[in-house]
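Please show me the structure, and then explain how to read its main features.

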Amino acid sequence: MKKTISIVALALVAIMMMSCLVACGGSTKVEAGSYKLKEASGTGASEYEAYKDSVSLEVEDGGKATLKVMGMDVMELTFNESSGKVSMSGQEVPYKVEGNKITIEDSSGKMVFEK
């Protein structure tokens with residue numbers, strides 16, 4: 001009996017921990033729309049910061065996106081919701097969605113876009 005109670009208690013703790021990790025980690029579901037750059041850090045950030053008001057991320061249904069600077073297409077991106085990574089310039093970088101913000105971040109830097 002005690003063993004059954006211990007197993008049930010451990011299962012509940014595991015479920016609660018997974019729920020916290022999922023809630024704290026953000027989502028990978030990207031909504032279509034126009035997002036403006038709000039923050040940039042790391043490699044190349046000074047260039048993006050200088051033109052921050054002119055940098056946007058135009059996301060289409062299906063996860064395809066275009067990074068634009070001063071209205072010109074600069075880079076094509078593809079968000080993969082199942083892996084939580086965005087493909088850009090031949091590499092995959094982790095991203096997360098929290099509310100109306102998309103954060104793309106790896107060891108080389110971070111970009112935060114807001115809808």
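The dialogue below goes from the whole chain to single residues.

Q: What kind of model is this, and how are residues numbered?
A: This is a predicted model, in which local features need pLDDT of at least 70 and side-chain atom pairs count only at pLDDT 80 or more, while totals for chains, interfaces and linings use all residues. Residues are numbered from 1 along each chain as its sequence is written, and side-chain values use heavy atoms, leaving out hydrogens and water.

Q: How many helices and strands does the protein chain have?
A: Helices (H or I, at least four residues) and strands (E, at least two) are DSSP runs, numbered from the N terminus. Here the protein chain has two helices and eight strands, in the order α-β-α-β-β-β-β-β-β-β.

Q: Is S56 buried or exposed?
A: Buried means under 20% relative accessible area, exposed over 50%, and partly exposed in between (1.4 Å probe, protein chains only). S56, in strand β2 (residues 55-59), is buried because its relative accessible area is 7%. Of the 115 residues in the protein chain, 26% are buried.

Q: Which aromatic rings form a pair?
A: Rings of Phe, Tyr and Trp (its six-membered ring) pair if their centres lie within 6.5 Å; planes under 30 degrees apart count as stacked, over 60 as edge-to-face and the rest as tilted. The structure holds one such pair. F79 and Y95 meet edge-to-face, at 4.8 Å centre to centre with 75° between the planes. F79 is in strand β4 (residues 72-80) and Y95 in strand β6 (residues 91-98), 16 residues apart. F79 is buried at 5% relative accessibility, and Y95 is buried at 6%.
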